Structure formats: C-alpha cells, structure tokens
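Colleague: I am new to this structure and would be grateful for a guided discussion of it. Could we begin once the sequence and the model are in view?

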Amino acid sequence: MNEKMILRKDKAVKAIVQSMIAVFGISFLKGENSCWLFLVFGLLTALFYWIEICAKEVLITSGYRGKRFLGTMIVCSGILTVFCILGWCISTVGALNELYKSWFHLLKAFLGIAGYFILISRFLYVIFYMEAAVNSHRLFWADHKGKEPSEILQKLKQLTVRYVRRLRSKPFWTSFFTILILYVPYILVSYPGIFMSDSVSIVAQGWGFADFTSHHPVFYQLILNTCMKAGVKIFHSWNIGLFLYSMLQMLFVISVLSCGIHILLCYTKIRVRYVMALMLYFVVQPRIVNYMFLATKDVFYAAFILLWIEMLFLIKKNGWKAAYGVAYGVSLLCSILIRNDGFYVVGISLLIFCFLDRASWKKHALCLFLVIAAQVLFSSVIFPGLGAKSGSKREMLSIPIQQVARTVWKHPEHITREEEQVILNACDFESLEEIGASYDSNISDNIKDYFVWDAFSTEAKEFYKVWLHLGLKHPVTYIEAFIANYYHYFYPGEKFANYSYGWSQDCFAYTNEHFGSDLHYGSAASGPRKALEDLRETIFGIQPLSVLNIPGIFTWIFVIFIAFICISAKGSGDVRWMMITPGIIILLVCFASPMNGYYGRYQFPLVMSLPWMILAGYDQVYCSKQ
C-alpha cells in the first residue's frame with residue numbers, strides 16, 4: 001500500500017511539473033497573462049495525472065510495440081510542435097527572428113517549445129487511449145435503463161431500426177437518396193449554382209471572349225462550357241446551363257460518397273453508427289456543402305481522388321477484378337485531366353505503389369505508363385487539336401517568386417544592380433520598389449501574374465542564379481517567405497474562405513455585363529438563401545464546431561492518422577500506406593500552390609476523403625480480427 005502511495009505521489013508530482021511547463025511555457029511565449037491560466041493549470045494537472053495512472057497502462061497492454069509507439073509519439077508531437085511555433089511566430093510577428101533575437105527570446109522559445117510538446121504529446125496519449133479502450137471494450141456506452149420511453153421515442157426508434165436495416169440491405173441507394181434529400185434545401189436556395197473568378201475566366205474562354213488556353217484544365221472547361229451551352233441552346237437560359245452543371249457535379253459527388261459507404265458496410269466490419277456519422281459529416285461539413293454547388297474543378301477532382309482510394313481499398317481486399325479495374329482506371333485518368341497538378345499526384349503515387357505493393361508492382365507500373373501516355377496524348381495532341389494554347393508555366397514558380405519578392409521587400413539594399421536588372425527583365429515591374437509594394441505574404445499572384453514567361457524563359461538560368469545567390473545571403477528570409485505563404489495549411493488558425501452567394505452574384509453581374517449572359521439568383525429565395533448561409537457560417541464559427549472550418553486541423557488529423565499507421569502497421573504492404581500516399585502528395589502540392597491555406601480548394605480532396613480513410617483504416621487494424 002505504501003509503495004502504491006509513493007508511486008501515486010510520484011505521478012502527481014510529475015503531472016504538476018508537466019502541466020506547469022505546458023501552461024506557463026505557452027503563455028510566456030505568447031505573452032498572455034490571465035487568471036484563467038490557474039484553472040487550465042488545475043485541469044491539465046488532473047488530466048496528466050490520469051494519463052500517468054490509467055492511460056499509459058492501457059496503451060502498454062493494448063498490443064502496441066513499446067519502442068515504436070514511443071518513437072512515433074515523439075516524432076508526431078515534435079512535428080505538431082514545430083507547426084505551432086512557426087505558425088504562431090509568422091501569424092503574429094511575421095518574422096522568425098522573434099524566436100532568437102536575444103537570450104530572453106531564446107528562453108521564451110525554449111519554454112514555448114517544451115510547453116507545446118508536453119501538451120500535444122499528452123493529448124496524443126488521450127487520443128490513442130480512447131482508440132485502444134474502445135477497441136478493447138474497456139470503454140463503452142451502456143444502454144439507458146429506466147422507465148419506458150414515450151410513444152414518440154418508440155416510433156422514432158422503430159423508424160431508426162427500419163432505416164438501419166434498409167441501409168444495410170441497400171447501402172448505395174439508401175445513402176445516395178438520404179444525402180440527396182438532405183441537400184434539397186441547398187439545391188433550392190443555390191439555384192442555379194455558385195460562381196467564382198475562375199468560373200468567369202472559363203466561361204470567357206468557352207464563349208470566345210478570351211484566348212482558349214490550358215491554364216485551366218481543358219477537360220474541365222469542356223464539361224462546364226458544354227453544360228452552359230446546352231442550357232442556352234436547348235432551354236435558352238444561362239441559368240439552366242449552370243444548373244445542369246451544378247446537378248451533374250452534385251450527383252457525381254454523392255455517387256462517390258455513396259460508393260464509399262457501400263464499401264464500408266459490405267466489405268468491412270465498421271459499425272453502422274460510424275457510417276451514419278460519416279454521412280452526417282458529408283451533409284453538414286460547411287465547405288463540402290458550400291463547394292457542392294461551386295463551379296470549380298476542385299470538386300470533381302476531390303471526388304475522383306476519393307473514388308481512386310476507394311477502388312484501391314477494394315482491389316487490395318478482393319483482388320484485381322474487372323469492375324474495380326475499370327473504375328480505378330477512370331479515376332486515374334480523370335484525376336490527371338480534371339486538374340493540372342493531378343498528373344504529379346497520380347504519377348508520383350503510382351511510382352511509390354510499385355515499392356509498397358511488391359506483389360502487384362507490374363500492374364502499378366503499367367498504370368503509370370498508361371497515365372504518362374495519356375498525359376502526353378491529351379496535352380500534346382488532343383488539346384492542341386481543339387485549339388487550346390499552352391498555359392503559362394509561371395504557375396510552377398510560386399515558391400522562388402515569393403522568396404525573391406520578400407527579399408526585395410525586406411533587403412532591397414542588398415540587391416546589386418546586376419541582380420536588379422535580371423529580376424526586372426523577367427517581369428513587367430518598373431522597379432524593385434514596385435515589387436516590394438506589391439508583395440503579399442499570403443499569395444504569390446500579385447507578383448507571379450506580372451512574370452512574362454517568354455522573357456523569363458530566355459533568362460531563366462540567370463534568374464535562378466540570382467535566386468540562389470540571394471538565398472545564400474538571406475536564408476532566413478527565404479524560409480519566412482515559404483512559411484508565410486503556406487502556414488495556414490499546418491497552423492490551426494485561419495478559417496476556410498467561404499464562396500458566398502454575394503460574391504457569386506458579383507461574378508454573375510460581371511459575366512452578364514461583359515458576355516451578354518443572364519445569370520442571376522431568384523429574388524423569391526433571397527431571404528432563405530442569406531438565412532441558410534448565415535446560419536451555416538455562424539454555427540460552424542462556434543467552438544468546437546469551428547474546427548471543421550480550419551484547414552490546419554485537417555493536416556493535424558492527417559499527421560495523427562499517419563502516426564497511427566506507423567504504430568499499428570505490420571509492414572510496408574499495409575494498404576493504408578497506399579491509401580494515404582495521394583494525400584501526402586496533395587499536401588506537398590499545396591505547399592507549391594500560389595495561395596495560402598484559407599483558400600481551401602487545394603486541400604479539398606483531403607477534407608472529403610480523410611474521414612473515409614480513417615474508418616477504412618480502422619477496419620484494417622481491428623475489425624478484420626474479429
């Protein structure tokens with residue numbers, strides 16, 4: 001008994017020290033002082049003490065390998081700690097020297113790092129404890145026992161039971177019509193759809209008001225403009241044309257989501273309650289709801305990526321059957337056609353599959369060859385034959401352009417006359433002062449759009465020499481430029497941008513004025529439209545629901561899911577490694593895009609596919625053992 005008391009006292013002291021470092025280290029770094037810190041300190045002490053006494057014991061006996069589990073926890077906590085420190089520093093100060101400009105700031109940074117690391121690692125323990133406890137039946141929710149439920153509750157229970165039976169017997173069609181019916185209010189208020197600036201540009205090219213280029217994927221332009229022209233030619237209405245596109249997009253996305261639900265219910269042992277929660281996520285997640293009617297390539301792209309992952313799961317589970325192979329091939333082909341960077345996501349993923357799936361490496365290699373052949377055929381033969389000119393390659397230069405622009409902005413005195421001339425030769429700016437004034441740390445378009453590719457391509461070698469030379473002189477500035485342009489992808493701060501009906505109305509007005517269209521929203525639905533949008537954004541602006549609206553949160557969940565795979569995977573052949581590979585490449589592509597994370601569209605495939613991957617991945621570990 002005395003030994004237990006001594007052990008518990010040791011755990012209590014350890015919990016007090018850890019919570020003290022976590023609370024005061026983070027508050028000291030951020031410069032926050034509040035009486036609430038004492039309450040937080042007490043709550044964290046109790047939580048950390050419980051972790052030391054209970055959670056660690058469960059994790060040790062849950063089957064995790066000790067060294068692998070500890071190493072993964074340290075690495076994952078370290079990565080997320082770096083996310084927090086760098087994101088906070090750039091978002092508040094805008095520069096990294098806040099971390100090291102004096103001994104006092106070094107002390108603050110050290111305590112902040114220690115505080116974040118302890119806090120994050122302890123919460124990871126809670127996450128993995130909950131997962132292990134639920135799986136081992138140490139944690140469960142018992143049915144309520146008491147007086148008989150009312151007649152209304154009994155009928156509701158009967159309806160739920162009937163719905164679950166229907167969902168189990170016909171999962172695809174039941175989930176399809178369920179999601180579709182729940183989207184009816186949004187269909188009514190969103191008619192004919194939601195426009196954005198890219199939509200206007202695509203319509204301008206399709207109707208001959210601008211040069212037809214491959215800046216926007218040609219295949220996607222054909223889809224949108226075909227629907228628009230069908231509405232105008234057949235029904236004499238631009239509104240109906242946009243509505244045809246919106247319904248095509250929505251029905252395809254719902255079909256892919258329903259296919260995923262069908263797979264979970266028919267080929268895994270995931271419980272129905274989790275599948276129903278997944279359906280609810282697809283119906284209420286604010287950006288999925290918002291994007292469902294948005295005329296953008298990213299929605300189709302996200303759906304094809306999810307379909308690809310679903311087919312990959314089925315192939316690994318049931319073999320290379322013809323139906324799976326066709327859907328797998330269509331998803332690969334459409335992924336590279338519907339978004340320009342899809343080729344890199346698909347190509348690199350297939351190359352990695354050759355090493356992860358040694359038993360089927362020839363099939364993956366064949367798919368890679370066919371993808372490359374299709375890319376060459378469409379980009380070099382078919383699309384030019386349709387009259388599409390090659391888009392500017394400056395889209396690939398967002399990172400070096402932002403780094404040079406930030407150096408010009410912060411250190412113009414360190415740029416020589418020769419370097420200045422090379423920079424100005426590549427763009428339409430008159431002076432370095434104009435570049436510095438145009439620099440925006442969150443988006444490269446302000447500088448990138450002024451790069452003249454024809455001029456740049458002739459002096460590319462000289463520009464890259466200047467870029468490298470400036471980077472050697474100001475490496476911290478280059479790191480700051482990269483982080484400042486992308487920190488929303490990993491720092492849980494900024495919310496996703498909302499493509500509002502008001503913005504869409506402005507895009508309609510511009511299209512009507514310049515292209516002679518008649519796009520408009522019905523006045524009868526203006527009140528419900530605004531009310532529904534305000535309600536959605538208000539509800540999901542309240543914590544904790546607001547986490548569904550923050551791009552950095554999805555990166556965190558993805559990193560934690562990768563950590564879970566590292567802990568539970570038995571080898572490189574685990575299908576979950578293949579399932580997450582496209583997501584990893586998509587995130588890397590996000591870090592080369594022109595816009596920061598709050599733009600949202602670049603990360604949308606992860607927002608749509610991550611919950612499904614988590615459920616399917618959970619089944620691979622536990623449900624298959626039952």
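**Helices, cores and loops**

Modeller: In helix H17, the buried residues are Ser398, Pro400, Ile401, Gln402, Gln403, Val404, Ala405, Arg406, Thr407 and Val408. Please keep in mind throughout that this is a predicted model.

Colleague: How many of the 13 residues of H17 are buried?

Modeller: The term buried applies to a residue under 20% relative accessible area. By that criterion H17 is mostly covered, and the number of its buried residues is 10 of 13.

Colleague: What covers the buried residues of H17?

Modeller: The cover is made by contacts with other helices, counted where heavy atoms lie within 4.5 Å. It includes helix H18 (417–425), helix H19 (432–438), helix H20 (445–448), helix H22 (460–473) and helix H23 (475–486).

Colleague: How far apart are the end C-alpha atoms of H17?

Modeller: Helix H17 runs over residues 398–410, which is 13 residues. At 1.5 Å a residue, the expected span is 18 Å. The model agrees with this, as the end C-alpha atoms of H17 are apart by 18 Å.

Colleague: Let us turn to H9. What separation do the end C-alpha atoms of H9 have?

Modeller: Helix H9 has 18 residues, 218–235, and at 1.5 Å a residue these should span 26 Å. The separation in the model agrees with that expectation, at 25 Å.

Colleague: Which helices are included in what covers the buried residues of H9?

Modeller: The residues to be covered in H9 are Val218, Tyr220, Gln221, Ile223, Leu224, Asn225, Cys227, Met228, Gly231 and Val232, which are buried. Their cover includes H8 (197–206), H10, H13 (297–318), H14 (322–338) and H16 (361–385).

Colleague: Are H8 and H9 roughly parallel or roughly perpendicular to each other?

Modeller: The axes of H8 and H9 are 10 Å apart and the packing angle is about 75°. Angles of 65 to 115 degrees count as roughly perpendicular. The two helices, H8 and H9, are therefore roughly perpendicular.

Colleague: How many charged residues does the contact of H8 with H9 have?

Modeller: From H8 come Ile202, Val203, Gln205 and Gly206, which meet Tyr220, Gln221, Leu224, Asn225 and Lys229 in H9. By class, this contact has four nonpolar residues and four polar residues, and the number of charged residues is one.

Colleague: Is His236 buried or exposed?

Modeller: His236 lies in the loop between H9 and H10. Although His236 is not a glycine, its phi is positive, at about 55°. With a relative accessibility of 66%, His236 counts as exposed.

Colleague: Are H10 and H11 roughly parallel or roughly antiparallel?

Modeller: Helix H10 (residues 238–267) and helix H11 (residues 272–284) have axes that come within 10 Å and cross at roughly 170°. Angles over 145 degrees count as roughly antiparallel. The crossing angle therefore makes H10, with respect to H11, roughly antiparallel.

Colleague: How many nonpolar residues are in the contact of H10 with H11?

Modeller: On the H10 side are Leu257, Ile261, Leu264 and Leu265, and they meet Val272, Val275, Leu278, Met279 and Phe282 in H11. The contact has no polar and no charged residues, and its nonpolar residues number nine.

Colleague: Which helix gives the largest share of the largest nonpolar core?

Modeller: This core has 174 residues, and those touching the most other members are Phe128, Tyr183, Phe195, Met250, Tyr328, Leu350 and Trp612. The largest share of the core is 16 residues, and these come from H13.

Colleague: Which residues is Tyr183 in contact with, leaving aside neighbours within four places in sequence?

Modeller: Tyr183 is one of the core residues that touch the most other members. Its contacts beyond those neighbours are Met250, Ile254, Phe282, Val283, Ile288, Val289, Met292 and Phe293.

Colleague: Is Cys84 buried or exposed?

Modeller: Cys84 is found in helix H3, residues 66–92. Outside the residues up to four places away in sequence, Cys84 touches Tyr116, Ile120, Tyr491 and Trp556. Its relative accessibility is 7%, so Cys84 counts as buried.

Colleague: Finally, what is the omega of the cis peptide bond between Tyr191 and Pro192?

Modeller: Pro192 has its place in the loop between helix H7 (184–190) and H8. The peptide bond that joins Tyr191 and Pro192 is cis, with an omega of about 5°.

Note on methods: Residues are numbered from 1 along each chain as its sequence is written. This is a predicted model: local features need pLDDT of at least 70, side-chain atom pairs count only at pLDDT 80 or more; totals for chains, interfaces and linings use all residues. Side-chain values use heavy atoms; hydrogens and water are left out. Axes are lines fitted to C-alpha atoms, for helices over the stretch in contact, and angles run from 0 to 180 degrees between N-to-C directions. Helices (H or I, at least four residues) and strands (E, at least two) are DSSP runs, numbered from the N terminus. Angles under 35 degrees count as roughly parallel, over 145 as roughly antiparallel, 65 to 115 as roughly perpendicular and the rest as oblique. Ala, Val, Leu, Ile, Met, Phe, Trp, Tyr, Cys and Pro count as nonpolar, Asp, Glu, Lys and Arg as charged, and the others, Gly among them, as polar. The expected span of a helix is 1.5 Å times one less than its number of residues. Buried means under 20% relative accessible area, exposed over 50%, partly exposed in between (1.4 Å probe, protein chains only). A nonpolar core is a set of buried Ala, Val, Leu, Ile, Met, Phe, Trp, Tyr and Cys residues joined through side-chain atoms within 4.5 Å.
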